[in-house]
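Colleague: I'm new to this one, so could you walk me through it? I'll ask, you answer.

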Amino acid sequence: MCTAAELASFRRRLARVDPVLANLIRAAGKFTHVPNAEHTPFHALARAIAHQQLNGIAAESIFGRFVGLYSQGAALLEAELVLQTPDEKLRSVGLSFAKIASIKDLAAKTIAGTVPAHEILHTLENEEIIERLTQVRGIGRWTVEMLLMSRLGRPDVLPVDDFGVRNGFRLAYGLRGMPTPRALAEFGARWAPYRSVAAWYLWGAVDLHKAGKLPAPTVKTRIKLEKRRSAKETVRRAKKTVKRARKVPARRKK
């Protein structure tokens, strides 16, 4: 994704255009991310779907049983076999009906070529990959951005909707609130062509903060922040929701 020489050049440029990130890189140390292209796009995306809205341990357990339906080893999933599997069998390993529908849609679109093979995926531009893969039910932009970074090693991806990246930015730049995704995208333009590297270090900023090793920002950063609801606004919205619910007529008993 980024060689040591490229990272050194990137940091020298950042010292001029973004000293806060330059200091963060210095504090965090060596860039150690290594892309993992071990699995096919179908296998990787099926795993991403299985992990949605679950903690890592539970999701891995379910996904392990899912893969185990087809092999006792760490074999790659095959779209054709998954598409032929009855929903009841997939449900028995812990997958919800919504995730089963998403995985089968992924399998169908893999067979149709909408989700390309790994060797073809490498030849496509980031936005074309995002446009194609987000056609799959349950696959959003964030999931594809994680694939671009972790599987394909694309160096210039900035997942502005990622909570960890935004929270890392908030901590590293000493902000009172979270930056809006749009504002972060505009600010992060200065990190091109290594925005993936910047994201990796922003994730690391959270751990540095917990360890008390995050450097204080040397300059003040002005960026649009998300509006925080006041307690009064939260109560007002709750009352409005209750009032709306009371207007819904109760079902008549047969």
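**Helices and rings**

Modeller: Let's start with a pair of helices: α9 (residues 126-133) and α10 (residues 141-150) have axes that come within 9 Å and cross at roughly 135°. Keep in mind that this is a predicted model.

Colleague: Are α9 and α10 roughly parallel, roughly antiparallel, roughly perpendicular or oblique to each other?

Modeller: Their axes cross at roughly 135°. Roughly antiparallel needs an angle over 145 degrees, and roughly perpendicular covers 65 to 115. The crossing falls in neither class, therefore α9 and α10 count as oblique.

Colleague: And which hand does the crossing of α9 and α10 have, and which residues of α10 make the contact?

Modeller: The hand of this α9 and α10 crossing is right-handed. On the α9 side, the contact is made by Asn126, Glu127, Ile129, Ile130 and Leu133. From α10 come Arg141, Val144, Glu145, Leu147 and Leu148.

Colleague: Next pair, then. How do α3 and α7 run relative to each other?

Modeller: Helix α3 (residues 41-51) and helix α7 (residues 97-112) have axes that come within 10 Å and cross at roughly 165°. The crossing of α3 and α7 is right-handed. Among the residues in contact are Phe42, Leu45 and Ile49 of α3, with Ile103 and Leu106 of α7. An angle over 145 degrees is the cut-off here, so α3 and α7 are roughly antiparallel.

Colleague: Is α3 largely enclosed or largely open, and what covers its buried residues?

Modeller: Of the 11 residues of α3, 9 are buried, so the rest of the structure largely encloses this helix. The buried ones include Pro41, His43, Ala44 and His51. What covers them includes α4 (56-68), α5 (79-84), α7, α8 (118-121), α9 and α10.

Colleague: Which residue with a positive phi follows α3?

Modeller: Look just past the end of α3. The phi there is positive, near 65°, and the residue is Gln53.

Colleague: On to the rings. How many aromatic pairs are there, and is the one between Phe169 and Tyr173 stacked or edge-to-face?

Modeller: The structure holds 11 aromatic pairs. In the Phe169 and Tyr173 pair, the rings are 4.0 Å centre to centre, with 20° between the planes. Both partners are buried, Phe169 at 0% relative accessible area and Tyr173 at 3%. Planes under 30 degrees apart is the cut-off, so this pair is stacked.

Colleague: What about Trp200 and Tyr201, stacked or edge-to-face?

Modeller: Their centres are 4.8 Å apart, and the planes make an angle of 90°. Tyr201 is buried at 1%, whereas Trp200 is partly exposed at 22%. As for the geometry, this pair is edge-to-face.

Colleague: Which residues join Phe169 and Tyr173 in a cluster, and which arginine lies over the face of Phe187?

Modeller: Ring pairs link Phe169 and Tyr173 with Phe187 and Trp191 into a cluster. Elsewhere, the charged end of Arg91 sits over the ring of Phe97, 5.4 Å from its centre. Over the face of Phe187, at 3.7 Å from the ring centre, lies Arg190.

Colleague: Last one: is Gly177 buried or exposed, and which residues does it contact beyond its neighbours in sequence?

Modeller: Gly177 lies in the loop between α11 (163-172) and α12 (181-187). Its relative accessible area is 9%, so Gly177 is buried. Leaving aside neighbours within four places in sequence, Gly177 is in contact with Arg170 and Leu225.

Key: Residues numbered from 1 in each chain as written. Predicted model: local features only at pLDDT ≥ 70, side-chain atom pairs only at ≥ 80, totals over all residues. Heavy atoms only, no water. Phe/Tyr/Trp six-rings, centres within 6.5 Å; stacked < 30°, edge-to-face > 60°. Buried < 20%, exposed > 50% of the residue type's maximum accessible area, 1.4 Å probe, protein only. Lys NZ or Arg CZ within 6 Å of the ring centre and 35° of its normal. Axes fitted to C-alpha atoms, helices over the stretch in contact; angles between N-to-C directions. Helix = DSSP H or I, 4+ residues; strand = E, 2+ residues; numbered from the N terminus. Parallel < 35°, antiparallel > 145°, perpendicular 65-115°, else oblique. Left-handed = near helix turned anticlockwise from the far one by under 90°. Contact = heavy atoms within 4.5 Å.
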